[in-house]
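Biologist: I've got a model open and some labels on it that I'd like explained. Can we go through them one at a time?

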Amino acid sequence: WQDTHPRYATVVHELKSGFSVELPAGWPAPDEELSLIEIGSLPDRRALDQLRWNISIHDYGVNGQVEAVIAEIRSDGPGGVKIKDVILTNGVVAKTWIDVQALVERSQENRIYVFKAPNGHVYSVLEPMARDWRTQARYGNIFRAILGSMKFKP
């Protein structure tokens, strides 16, 4: 339970992009470049945390449309993957699905979130998924908590 639902202290980071986000204490501050924000973990030599895991948040601005962003992301991948709605802790309803990125030797599964925030911006989130269930559950819970902590400025 502690591995897949960890308890950790958090730190609030105010971003130039117009929102704040809570990250586990000790993680580096988010890296902001234009409309892309990278949030990465910090390896701490524990069995589950040997690698850095990260998510990418892309801001499509106020002119972005959720359905258009979904169509753009899914245009390269196989169709038929079921999209479901999830309600994040902050009340935002996000559309999510698992996308399989075909690579030469092994494919990579990524969880994708697309949502319209209260500030009117449309965001997409790419979360690479771990191969083992325990690490996947751990970081899936942490990253969903991070997305749920987003507070948007009007």
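Biologist: Let's start small: which residue does Ile39 stand opposite in strand 5?

Modeller: Ile39 faces Ile55 there. Keep in mind that this is a predicted model.

Biologist: What makes strand 4 and strand 5 a pair?

Modeller: Strand 4 covers residues 36–40 and strand 5 covers residues 54–59, and 5 bridges join them in the antiparallel sense. Pairing takes at least two bridges, so they qualify as a pair.

Biologist: What is the strand order in the open sheet?

Modeller: The order is 3-4-5-9-8-7-6, 7 strands with antiparallel pairing. Neighbours in this sheet are turned by 25 degrees against each other on average, ignoring direction.

Biologist: Why are strand 3 and strand 6 called edge strands?

Modeller: Strand 3 (31–33) and strand 6 (84–87) each pair on one side only, and that makes them the edges.

Biologist: How do you know that strand 8 pairs with strand 7 and with strand 9?

Modeller: Count bridges again: 8 join strand 7 to strand 8, and 7 link strand 8 with strand 9. The requirement is at least two, so both count as pairs. For individual partners, Trp97 is bridged to Ile112 in strand 8, while Lys116 has Val122 in strand 9.

Biologist: What connects those strands along the chain?

Modeller: Hairpins. The one from strand 7 to strand 8 goes through 6 residues, and the one between strand 8 and strand 9 has 5 residues, with Gly120 in the turn at a positive phi of about 90 degrees.

Biologist: Why is strand 8 described as largely enclosed?

Modeller: Because 7 of its 9 residues are buried, strand 8 is largely enclosed by the rest of the structure. Buried here means under 20% relative accessible area. Across the protein chain, 44% of the 154 residues are buried.

Biologist: Which residues have the most contacts inside the largest nonpolar core?

Modeller: Ile39, Ile57 and Phe115, in a core of 27 residues. Helix 2 gives the largest share of this core, 5 residues. As a rule, nonpolar side chains in soluble globular proteins tend to be buried together.

Biologist: What is Ile57 in contact with, leaving aside its neighbours within four places in sequence?

Modeller: Its partners include Leu36, Ile37, Ile39, Tyr123, Val125, Leu147 and Met150. Contact requires heavy atoms within 4.5 Å.

Biologist: What does helix 2 pack against?

Modeller: Its buried residues pack against strand 2, strand 4, strand 5, strand 8 and strand 9. Those buried residues include Tyr139, Ile142, Phe143, Ile146 and Leu147. In an α-helix, residues three or four places apart point the same way because there are 3.6 residues a turn.

Biologist: How do you know that the span of helix 2 is close to the expected one?

Modeller: Helix 2 has 16 residues and reaches 22 Å from first C-alpha to last, against an expected 22 Å at 1.5 Å a residue. The two values agree, so "close" is fair.

Biologist: And where does helix 1 lie?

Modeller: Helix 1 (residues 66–74) lies across strand 7, strand 8 and strand 9, running at about 165 degrees to strand 8.

Technical notes. Residues are numbered from 1 along each chain as its sequence is written. This is a predicted model: local features need pLDDT of at least 70, side-chain atom pairs count only at pLDDT 80 or more; totals for chains, interfaces and linings use all residues. Side-chain values use heavy atoms; hydrogens and water are left out. Helices (H or I, at least four residues) and strands (E, at least two) are DSSP runs, numbered from the N terminus. Axes are lines fitted to C-alpha atoms, for helices over the stretch in contact, and angles run from 0 to 180 degrees between N-to-C directions. Buried means under 20% relative accessible area, exposed over 50%, partly exposed in between (1.4 Å probe, protein chains only). A nonpolar core is a set of buried Ala, Val, Leu, Ile, Met, Phe, Trp, Tyr and Cys residues joined through side-chain atoms within 4.5 Å.
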